[in-house]
Amino acid sequence: MTGTETKSCFFQFFLCVKCPFVFRGIQPLKQEQTRILEHRHEQADYWVMQLSAPGIGPEVRPGQFIGLQAPRLDNAVLRRPFSVYRADNESVSILYKVVGKGTAAINRLLPGETIDIIGPLGNGFPEATPGLTPVRIGGGYGAAALQLQARTLQKKGTVFFGGRTASDILCADEFKALGWTVEIATEDGSVGSRGLVTDTFDRWLDERSDTDIELFACGPEGMLRAFGDRAVDRDFKAWLSMDRHMACGVGACLTCVIKKNDPEKGWQWARCCKDGPVFESREIAWDE
Amino acid sequence: MSDIKPDMSVNIGGLQMKNPVTVASGTFGYGPEYAELVDLNRLGAITVKGICAEPHTGNQTPRTFETRCGMLNAIGLPGPGAKGFIESYGEFLAQYDLPVIVNVWGKRVEEYGRVVEMLSDEPIVSAFEVNVSCPNVKEGGSLYGTDTKSFASVIETVRAKTAKPLIPKLAPNVSDITLFAKTAEDCGADAISIMNSYPAMAINIETRKPELANRSGGLSGPAIKPIAIKLVWEAARAVSIPVIGMGGISCAEDAIEFIIAGASAVAVGTANFTDPSTVIRVIDGIEAYLIRHDIPSIGDLCGTVL
C-alpha cells in the first residue's frame, strides 16, 4: 500500500464506501481463531502475548489494531482493541497493561488456549515521508504501536518515551538495537530526565537547526495533544494514534467518534476505529 | 431425521426473505462495515442504521458503556440523511442479493413522512422499519412509542407515503405491548418489530457522573432477552401481522426461542459486536434445528409455545 492510497482512504471515507472492492483489496479484514503461542511478563503490569494468526499476521500494517474477544469473560459483550506490537507471516503480538476486567481476564490465559480475534483494524500510520527525520513518541503502552514501523524503516531517527516511572518505559532497548537514538523522561526521574516527555522533546527540538522532522505518536491523549500543538507551532507533521472507547471496531456502531475539523461545518465526527486511529494533528478538533 | 432441506424462507408482510434472520438497526452500519467479515448474501435481510430526512450528528461521547451481559448506548442516531444514504450506500447494497430494511426516524410526525417519501421510490429500499422508540433522542423518539395516539399518527402518516412493507419498531417500556401492536395493525402496518433497547442508566461511583454523555441510554445484549421474549409472546398472540423478534440474541437457540414465542423472523443486534459470525451461526443453527426436529418449514415452528 502506498502513501497516496493511505491518504485517499484516510481522508475520504465515502470514496472507500463507494469502491468496496478496492477497499477490500487494501484491507482484508478477517476473523481468526488464534492459539496463544507465548504469554510472557514484560515488566510491572505489562505483558506480551503472541498469537498464531497466519491469516491476519501478514496483513498487518504499522499502527493497526486487533479486536480480541476475551475468553472466560462470559458477561462481557464487547471485544477489546489492542495495537499490534509485532506481526509476521504466522503471528501477531500485543503488548498490554492490566487495567480492567477485560485485560485481567486476558492476563489469566495460558499458552495453547484459543482466542478469537478480528483484524487488522484501522488505517494505521502512513508511510514515513522520505527526506524527513522520523521521530517517535511513546507514552506508556503506546510504545507498542510504534514498534512495527520502526522495524521497517531504513532511516533511523529519535524516539522519545515518557511515563510516570521507570517501569512505564517500554521498548527502549528494542529501539536502541534498531539503531535509534532513545530519549527517556519519567515524572519521578527514576530513569532518564525528570519531568514530562514534552520538555525533553522541546529541548531536543531547540537544539536542532531545522524542523525537517515527522512525528508519529501513541500514548495518553493529553500527551498527544501537547505534541499536536507543537506540530502546528513549529510547522511539522504529527501523526497521532488516538485511543477511544470502542464497541464494534469496524466502523458500524459509531461509539468511538472523534471531532475532526471540517472547513464547512467547523467540525464533524470521524470514527476512531475505521477512519483512524491515526490522525494528523491538524485534523483533530480538540475539545476546549 | 429428514434429508430434505427445510424451507427457511419467510414473508414478512410482503417482504420476502430467504431465511428469517436479519440484523438489528444500528448494530451493522449500512452494510460495508461488516462486508469483509460476513457474507451479506446469506442474510435474510439487512436492517440499516436509522435514517432521518436530513443528516444528523448524534450525541456527544461517551456513547456506549458495557454492563454485565449487555451494553448501554446513547449514540443519538447520527446518519447521512435520506439523500446521503442513497448516494453513499445505494450502489454498494445493490450488488448483493439482499433485501434492505431501512430504519427511519424523525423528530416530528411530518419528518417521518418526509424521510419515507424521499426513500419510497428507491429500488434499493425493500421495507421500512419505523423507529418510534429510540430512547436517546430528546424530540420525538420514545414519545411516539409510548403514547398510542402519537404512535398512531406516525404510522398513519408514513402509511400514506409508501406501499412498501411498513414495520414499526415498538418500545419495550409500555404497560401493555398489545395496545401498540394492535394500533400498528389498525393503522395499516405490515409487521412489527419487538423490541428496541430498554431505557437504562449507569453511574460511575467515583466521579458520580453518568457513564454516558446523554446520561441515560438503551440497554441491549443478552441481559434483555427474557424481556423481549415475553413482549414478542404477548404481541404475537394479539395481532395477525408478523412479528420480528429481537433483544439479546447471541446464538441459534436464542433465535429459536423467539420463533417459538411467536416471532416470524429475528434480528441479531449487540452480538454482532461480540462476534461478527453470530448472524451466520444463527441462520445455520436454525436450519440444523429444523432438520433435527423434522420440521419442514420455519413457519411451522412459529408461535408453537405450549
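Which residue with a positive phi follows helix 6 of chain B? Read on to the second view for that one; everything here comes from a predicted model.

**View 1. Chain A as a whole, with eight helices and 16 strands.** The C-alpha atoms fit a box of roughly 50 × 50 × 40 Å along the principal axes. Chain A has a radius of gyration of 18 Å, which agrees with the value near 19 Å for a compact globule of 288 residues. Of those 288 residues, 56% are buried. Take the contacts between residues at least 6 apart in sequence, and 63% of them join residues at least 24 apart. As for the outside, chain A exposes about 12,000 Å², with carbon and sulfur atoms supplying 49% of that area. On the charge side, there are 34 positive and 37 negative charges, and their mean positions sit 4 Å apart.

**View 2. Helix 6 of chain B, residues 177-186, and what it packs against.** The buried residues here are B:Ile177, B:Thr178, B:Phe180, B:Ala181, B:Thr183 and B:Ala184. An α-helix has 3.6 residues a turn, so residues three or four places apart point the same way. The partners of this buried set, also in chain B, are helix 4 (143-146), helix 5 (148-159), strand 9 (166-169), strand 10 (192-194) and helix 7 (225-238). And the residue asked about at the top is B:Gly188, which follows the helix with a positive phi, near 95°. Also in this chain, B:Cys187 is buried, with a relative accessible area of 12%.

**View 3. A:Ala217 in strand 12 of chain A.** The strand covers residues 213-218. Buried or exposed, where does A:Ala217 fall? It is buried: A:Ala217 has a relative accessible area of 0%. Leaving out neighbours within four places in sequence, A:Ala217 touches A:Phe125, A:Ile137, A:Leu146, A:Leu224, A:Trp239, A:Leu240 and A:Ser241. Pick out A:Leu146 from that list: A:Leu146 and A:Ala217 are 71 residues apart in sequence, yet their C-alpha atoms are 7.5 Å apart in space.

**View 4. A:Cys248 and A:Cys253, a cysteine pair without a disulfide.** How many disulfides turn up over all chains? The count is zero. For A:Cys248, the nearest cysteine sulfur is that of A:Cys253, at 3.7 Å. A disulfide would need the two sulfur atoms within 2.5 Å, so A:Cys248 is in none. A:Cys248 is also buried, with a relative accessible area of 4%.

Terms used
Residues are numbered from 1 along each chain as its sequence is written. Chains are lettered from A and ligands numbered from 1 in the order in which they are written. This is a predicted model: local features need pLDDT of at least 70, side-chain atom pairs count only at pLDDT 80 or more; totals for chains, interfaces and linings use all residues. Side-chain values use heavy atoms; hydrogens and water are left out. Helices (H or I, at least four residues) and strands (E, at least two) are DSSP runs, numbered from the N terminus. The radius of gyration is taken over C-alpha atoms; the globule rule is 2.2 Å times the number of residues to the power 0.38. Buried means under 20% relative accessible area, exposed over 50%, partly exposed in between (1.4 Å probe, protein chains only). Contact means heavy atoms within 4.5 Å. Accessible areas come from the Shrake-Rupley method with a 1.4 Å probe; for residues, only the protein chains shown count as cover. Lys and Arg count as positive and Asp and Glu as negative; His and the chain ends are not counted. The place of a charge is taken as NZ of Lys, CZ of Arg, CG of Asp or CD of Glu.
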